[in-house]
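Student: I should like to learn how the ligand site and the empty spaces of a model are read. Please begin with the contacts.

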Amino acid sequence: MLINASTVTASEPIKIGFVVKQPEEPWFQDEWKFAEIAAKEKGFTLVKIAAQSGEKVMSAIDNLSAQKAQGFVICTPDVKLGPGIVAKAKADGLKMMTVDDRLVDGAGKPIESVPYMGISASNIGKQVGESIASEAKRRGWDLKEVGAINVSFDQLPTSHDRTASAAEALVAAGLPRANVINAPEAKTDTENAFNAANIALTKNPQFKHWVAFGLNDEAVLGAVRAAEGRGINTQNMIGVGVGGSDSALNEFKKPAPTGFFGTVIISPKRHGQETSELVYEWIKTGKEPPLLTLTSGALATRADANQVREKLGLTAAK
Ligand code: FCA
């Protein structure tokens, strides 16, 4: 009988790691919650690990191997660590699936041999740009008088694709290209987005109205807060994020609407639960996950965020 060394026998307990780059971000907490659901349903042990640096990723992988895990899902703090992470997982004999941020090789090309689930970044960015444009039109704004803050993080391909497509959609709707202001953030959190947007606002006092987009809800919240700090309020700001976790939901729960107009809700259920299940099956049966899965998003505003979440099956982990 042929024994496949990479699958486990029925009696061996299955242990899977779930490594994330930014544990404080609600999106990643939601991914973990849904991964926990997978663990409970399938009966494996989930090991949640925060790895905010390359060093931490490497020790996380060694740690998983030492505690006899057979595989892990990872959203890396830096996609350029790709070849190193692949080599480490291989050396430790662990199966690996990536989520959200796809590993790249030394030339910046995606490492296609590692199973990956990400969002369809360009489509989602386009949804962001189109929804901003349609709200601006509804308000009767002249797009020539609108400044668009692009809270960018171009070193991360999924971020670049989201924001570039959002900008394209706005330009296609009639926004002059010169009105798109690049506001690069140093890190993908609200504080860094706030700082980036502040600079953009200071340098461009000529605009009457403002819109903002970025890779996630935190990026847009940073821009909205920076605008508020300058007296640019709900009436003169349309921000649309990507995510739909607590950062956005808490904003929608405020008694009065803010400049954070909407978000494209993506699925921590698919990214957390489904990826974990795929790695579980891989360990159990040897069936490798699909190499590329791109998930979709659904636009939501203050008015319908809860219904949209329900439709996407996202209320289970709350
Ligand atoms: C990236 C972002 C996260 C989330 C995820 C799907 O990792 O940093 O905020 O949008 O993609």
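Tutor: A polar contact is a pair of N or O atoms within 3.5 Å; within protein, one must be able to donate a hydrogen and the other to accept it, and residues adjacent in sequence count only if both atoms are side-chain atoms. Here, a polar side-chain atom of Lys21 lies 2.9 Å from an oxygen atom of the ligand. For the side chain of Asp101, an N or O atom is 2.7 Å from a ligand oxygen, and for that of Arg162 the distance is 2.8 Å.

Student: How much of the ligand's area does the protein bury?

Tutor: The protein buries 99% of the 290 Å² that the ligand exposes when taken alone, with accessible areas from the Shrake-Rupley method with a 1.4 Å probe.

Student: On what basis should I read these values?

Tutor: This is a predicted model, in which local features need pLDDT of at least 70, side-chain atom pairs count only at pLDDT 80 or more, and totals for chains, interfaces and linings use all residues. Residues are numbered from 1 along each chain as its sequence is written, and side-chain values use heavy atoms, with hydrogens and water left out.

Student: Which residues are around the ligand?

Tutor: A residue is near a molecule if one of its heavy atoms lies within 4 Å of it. The residues around the ligand include Lys21, Asp101 and Arg162, together with Glu25, Trp27, Phe28 and Cys75. By class, this shell has 5 nonpolar, 1 polar and 5 charged residues. Ala, Val, Leu, Ile, Met, Phe, Trp, Tyr, Cys and Pro count as nonpolar, Asp, Glu, Lys and Arg as charged, and the others, Gly among them, as polar.

Student: How is empty space found, and where does the ligand sit?

Tutor: Rolling a probe the size of a water molecule over the atoms shows where empty space is left. On a 1 Å grid over the protein atoms alone, a cavity is a set of points where a 1.4 Å probe fits but cannot get out, and a pocket is an open set with protein on both sides within 12 Å along at least five of seven lines; lining residues have an atom within 4 Å of a point. The ligand sits in the largest cavity, a term requiring more than half of its atoms to lie within 2 Å of the grid points.

Student: What lines the largest cavity?

Tutor: Its lining has 20 residues, with Glu25, Trp27, Arg162, Asn216 and Ile266 nearest the centre. Helix 1 (26-42), helix 7 (217-229) and strand 9 (237-243) each give two or more residues to this lining. The volume of the largest cavity is about 200 Å³, taken as the space filled by probe spheres set on the points.

Student: What is the volume of the largest pocket?

Tutor: The largest pocket holds about 270 Å³ of space. Among its 16 lining residues, Lys21, Gln22, Pro77, Asp78 and Phe153 are the closest to its centre.

Note on methods:
Helix = DSSP H or I, 4+ residues; strand = E, 2+ residues; numbered from the N terminus.
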